[in-house]
Structures are given as structure tokens and as C-alpha cells.
Amino acid sequence: MPDVDRRPVALVGPVRIVGAGLLGASIGLALRARGIDVQLEDLDPANLRTASGLGAGVPVTGSEPEPQLVVVAVPPDHLARVIEGALEAHPQAFVTDVGSVKSGPLATVAEHADVARYCGSHPMAGTQHTGPLTASATLFEGRPWAVTPHATTSPVATQVVTELAELTGAMPLAFGPDEHDLAVARTSHVPHLMAALVAGRLADAPEGHLALSGPGVRDVTRVAGTDPGMWLQIVPANASAILALLGQIRADLDRLESAIESGDRDALRGVLANGVAGTRAIPGKHGGPVRPTSSVFVHVPDQPGNLARLFADVDAVGVNVEDVRIDHDPARAGGQVELVVDETRVEELASSLDARGWAVHQ
Ligand SMILES: NC(=O)c1ccc[n+]([C@@H]2O[C@H](COP(=O)([O-])OP(=O)(O)OC[C@H]3O[C@@H](n4cnc5c(N)ncnc54)[C@H](O)[C@@H]3O)[C@@H](O)[C@H]2O)c1
Ligand SMILES: O=C(O)C(=O)C[C@]1(C(=O)O)C=C[C@@H](O)C=C1
């Protein structure tokens with residue numbers, strides 16, 4: 001039995017999830033894995049069917065017991081209305097939401113007589129897909145999850161929501177709602193918009209140029225591939241924090257342009273060094289220091305079973321893979337697999353895979 005079941009738990013369920021999309025279904029899967037009863041609600045019957053079919057919970061029928069906690073996981077524009085609805089429909093339940101911006105919905109909900117039962121939250125995990133089909137019980141593992149009590153949130157509500165984050169494997173971090181919005185403008189919203197601007201320059205690029213797309217451009221643009229629907233709601237909801245940062249970036253861009261125009265290498269070095277400092281400032285998974293990583297690239301011929309064989313060989317070497325990317329190999333028929341591992345193990349992995357017959361480079 002997992003440890004968490006033996007210590008006194010504030011969150012025992014049932015948990016009702018309103019919005020069984022990517023976030024809602026992933027939370028449902030994580031809670032079901034902990035044995036907590038999950039009730040699912042969604043306006044879209046297909047999403048409800050998919051989420052419950054995946055094992056994220058049971059669709060509500062009206063005859064289930066009252067939930068201990070309601071988790072609102074609907075798109076940003078609908079959050080305030082659904083949070084208020086949950087406070088009214090479930091007078092004994094605590095209510096949280098997982099929306100990407102906290103101060104806007106709170107401003108509406110703050111007038112509600114029962115607002116003490118509401119404590120906002122925001123898991124910093126997702127993918128570029130929406131809907132329950134790509135939901136995963138491990139989506140939140142090791143990721144930060146902001147818990148954002150407001151001035152009158154009851155301490156028990158904060159405790160229950162903190163425990164929700166812990167039960168999914170995430171790392172709860174307490175933030176005031178306004179401070180949260182400033183933080184995510186910097187760590188999520190502006191990075192997303194920058195990725196969209198860079199990716200936008202590729203949309204009408206000559207085909208010949210695009211043929212030279214390597215891992216760099218893919219890394220920088222991944223999130224820009226997300227369905228714009230959610231971002232069309234997130235960005236206006238956090239406009240002032242985003243605009244303040246865009247103003248700073250505009251000044252950075254002016255400095256960069258003049259450094260390049262005038263051939264000022266010191267100024268250019270300053271811009272690049274600042275970027276290096278920024279990447280090093282991002283905490284690693286589980287909030288620890290970033291462990292320097294390095295990549296081993298392996299050519300995997302296009303035949304069934306080769307990927308499984310490669311991962312079995314990596315496993316036999318005993319090196320933990322921090323990240324993995326698979327790309328079409330432009331030079332040969334097959335794929336190029338990038339294995340991201342601890343910098344100190346990279347030589348050992350490369351030579352062991354080489355000895356096992358793989359075409360490897362670093
Ligand atoms: N996708 C991410 O990366 C991510 C990460 C963290 C937080 N969030 C936040 O989580 C929330 C959900 O995002 P998602 O990616 O799961 O979206 P999603 O589109 O995958 O899921 C939203 C679900 O809510 C349902 N829905 C819409 N209005 C509803 C209503 N009034 N009542 C019941 N169901 C309703 C939709 O049918 C859909 O199934 C958003 O507020 C978003 O800001 C998203
Ligand atoms: O990983 C991704 O695809 C995401 O964009 C997830 C991400 C993020 O910016 O980190 C996006 C928006 C959410 O509010 C939280 C998480």
C-alpha cells in the first residue's frame with residue numbers, strides 16, 4: 001500500500017471533476033491510481049465517454065454521494081461561472097480550479113458568500129494537445145503545482161488542495177493569486193508568445209529553407225503548435241503582466257539589433273550570456289538544481305522492434321534517460337533518437353551503445 005494511505009489524509013474523496021479534458025482526465029487518472037473515487041462532469045458527451053473509458057472516473061448520474069472536493073478544469077473563460085456553480089451545487093465541498101490565470105476568476109468569485117471554501121490552484125504541466133485522449137496519470141509527476149489561497153480561503157481548503165497536488169505526484173507551491181499571475185506571465189505566457197512569433201516566421205518560409213530544420217528550431221517552437229483556443233483566453237486574462245514583460249523584451253530587441261548592426265561583440269556576448277544565465281536559473285524537475293545534461297544521438301534503422309531493442313540496451317547500461325526525442329534522420333532511412341542523460345554518464349552511454357552495434361554520435 002502506498003505511504004500516502006498510511007498517514008492522516010485530508011483528501012479522501014469523492015472528488016468531482018468538472019471538465020474532463022486533458023487536465024481533468026489526467027487528474028482523474030492520478031487520483032484513481034491512489035484509490036480515490038472520481039466523479040466526472042463535462043458538457044461534451046464524447047470527452048466524458050473518452051475520459052471515463054480511460055479510467056479517469058465515473059460520469060455523474062445524480063445519485064452519487066456528495067463530493068469532498070470539486071476540481072474545475074474548464075477553459076479559462078468559463079472558470080468563474082463554473083466555480084460559482086460548484087460552490088452553490090455542493091454546499092459542503094471544497095472547490096478548486098486548475099486555470100492558468102488566477103486573479104480574474106477570483107475577482108468574480110470573491111463576491112460569493114461561500115468563497116472561503118474556494119482555493120485556486122494551477123498545475124504547471126501540460127502538453128500541446130487538448131482533450132482527454134492524451135491524458136496521463138503521470139502528467140504532474142515532479143512538476144510544480146501552484147496553490148493560490150485568497151485572503152479569506154479557509155486553511156482546511158488550502159490543505160485539501162495542497163494534498164490534491166501531492167497525490168498527483170506534483171510539488172505544491174503556495175502563491176498569492178496576483179503574484180502567481182506575474183510569475184506565469186514570465187515562465188509560461190510570454191515564452192508561449194515568443195515561440196509563436198519565432199514559429200510564425202517559418203509559416204511562409206521557402207521549402208528549401210525549412211528542409212534545414214534541426215533540433216534547435218523544434219525545441220524553441222514546440223509549444224507554438226498548441227491549439228490557439230486556450231491561449232486566446234489565457235493571454236487577455238493576464239494582459240497587464242504580459243504587456244510589462246513584452247515592453248522589456250522590446251528594449252532587449254532594440255539593444256540586440258544595435259549590437260549586431262554596429263558589430264559590438266561585447267554587447268552581443270552580454271545578450272547570449274544572459275540567455276545562458278536564464279536557462280540555468282530554471283529549477284530542475286522536483287524543484288532541485290538543474291543537473292547538466294548532454295545528448296547521445298543514435299541512428300535507428302526503420303525496422304520494427306529497433307526502438308525497443310535500443311531502450312533495452314540503454315537499460316542494460318544502467319543510465320537514466322532524462323529526456324528523449326525522435327526525429328526523422330535526414331541522412332538515412334530511419335530515425336535519429338536523441339537520448340538526453342546526465343552529463344557525467346554521456347561518454348559511458350555512447351561507448352556502450354557503440355560496442356552493442358549502434359551508430360552513435362554526440
Ligand atoms: N493544457 C495545459 O497545458 C494546461 C495546463 C495547466 C492548466 N490548464 C488549464 O486547465 C483548464 C483546462 O485545460 P485543458 O487543457 O484540460 O482543456 P481541454 O480543452 O482539454 O478540456 C476542457 C474540458 O472542459 C469541458 N468544458 C468546457 N466548458 C464546460 C462547462 N461549462 N462545464 C463542464 N465542462 C466544460 C470541455 O468540453 C473539455 O472537455 C484551462 O482553464 C487551462 O487554462 C491547462
Ligand atoms: O508543456 C506544455 O506544452 C505547456 O505549455 C504547459 C504549460 C506551460 O507553459 O508550462 C502551459 C500552460 C499551462 O497553464 C501550464 C503549463
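When I say a residue surrounds a ligand, I mean that its C-beta atom, placed from the backbone, lies within 6 Å of that ligand. Please also keep in mind, everyone, that this is a predicted model.

With that in hand, let's start at ligand 2. Its surroundings are Ser 100, Met 124, Ala 125, Gly 126, Thr 127, Gln 128, Ser 188 and Val 223. Sorted by class, that shell holds 3 nonpolar and 5 polar residues, with no charged ones.

Now over to ligand 1. How many residues surround ligand 1? There are 29, and the closest are Gly 19, Gly 21, Leu 23, Ser 100 and Gly 126. You may have spotted two names from a moment ago: Ser 100 and Gly 126 are also listed around ligand 2. By class, the ligand 1 shell has 15 nonpolar, 11 polar and 3 charged residues.

Which elements feed that shell? At least two residues each come from α1 (22-33), α3 (79-89), β6 (120-123) and α9 (228-237). The largest share belongs to α1, with 3 residues.

Let's step back to the whole chain for a second. The domain assignment gives domain 1 as 3-175, domain 2 as 181-284 and domain 3 as 293-361. Between domain 2 and domain 3, the C-alpha centres are 30 Å apart.

I have two helix pairs to show you. Two packed helices are described by the angle between their axes and the distance between the axes.

The first pair is α10, residues 239-262, and α11, residues 265-281; they pack at about 140°, and their axes are 8 Å apart. That angle makes α10 oblique to α11. Their crossing is left-handed. On the α10 side the contact uses Arg 255, Leu 256, Ala 259 and Ile 260, and these meet Ala 267, Leu 268 and Val 271 of α11. By class, this contact has 6 nonpolar residues, no polar ones and 1 charged.

The second pair is α12, residues 306-317, with α13, residues 346-355. Here the packing angle is about 125° and the axes are 10 Å apart. So α12 and α13 are oblique to each other. Is the crossing left-handed or right-handed? For α12 and α13, it is right-handed. From α12 the contact takes Asp 313, Val 314 and Val 317, and from α13 it takes Glu 348, Leu 349, Ser 352 and Leu 353. Those residues of α12 and α13 divide into 4 nonpolar, 1 polar and 2 charged.

That's my tour, thanks for listening!

Definitions and conventions:
Residues are numbered from 1 along each chain as its sequence is written. Chains are lettered from A and ligands numbered from 1 in the order in which they are written. This is a predicted model: local features need pLDDT of at least 70, side-chain atom pairs count only at pLDDT 80 or more; totals for chains, interfaces and linings use all residues. Ala, Val, Leu, Ile, Met, Phe, Trp, Tyr, Cys and Pro count as nonpolar, Asp, Glu, Lys and Arg as charged, and the others, Gly among them, as polar. Axes are lines fitted to C-alpha atoms, for helices over the stretch in contact, and angles run from 0 to 180 degrees between N-to-C directions. Helices (H or I, at least four residues) and strands (E, at least two) are DSSP runs, numbered from the N terminus. Angles under 35 degrees count as roughly parallel, over 145 as roughly antiparallel, 65 to 115 as roughly perpendicular and the rest as oblique. A crossing is left-handed if the near helix is turned anticlockwise from the far one by less than a right angle, and right-handed if clockwise. Two residues are in contact if their C-beta atoms, placed from the backbone, lie within 7 Å. Domain bounds come from an automatic or database domain assignment.
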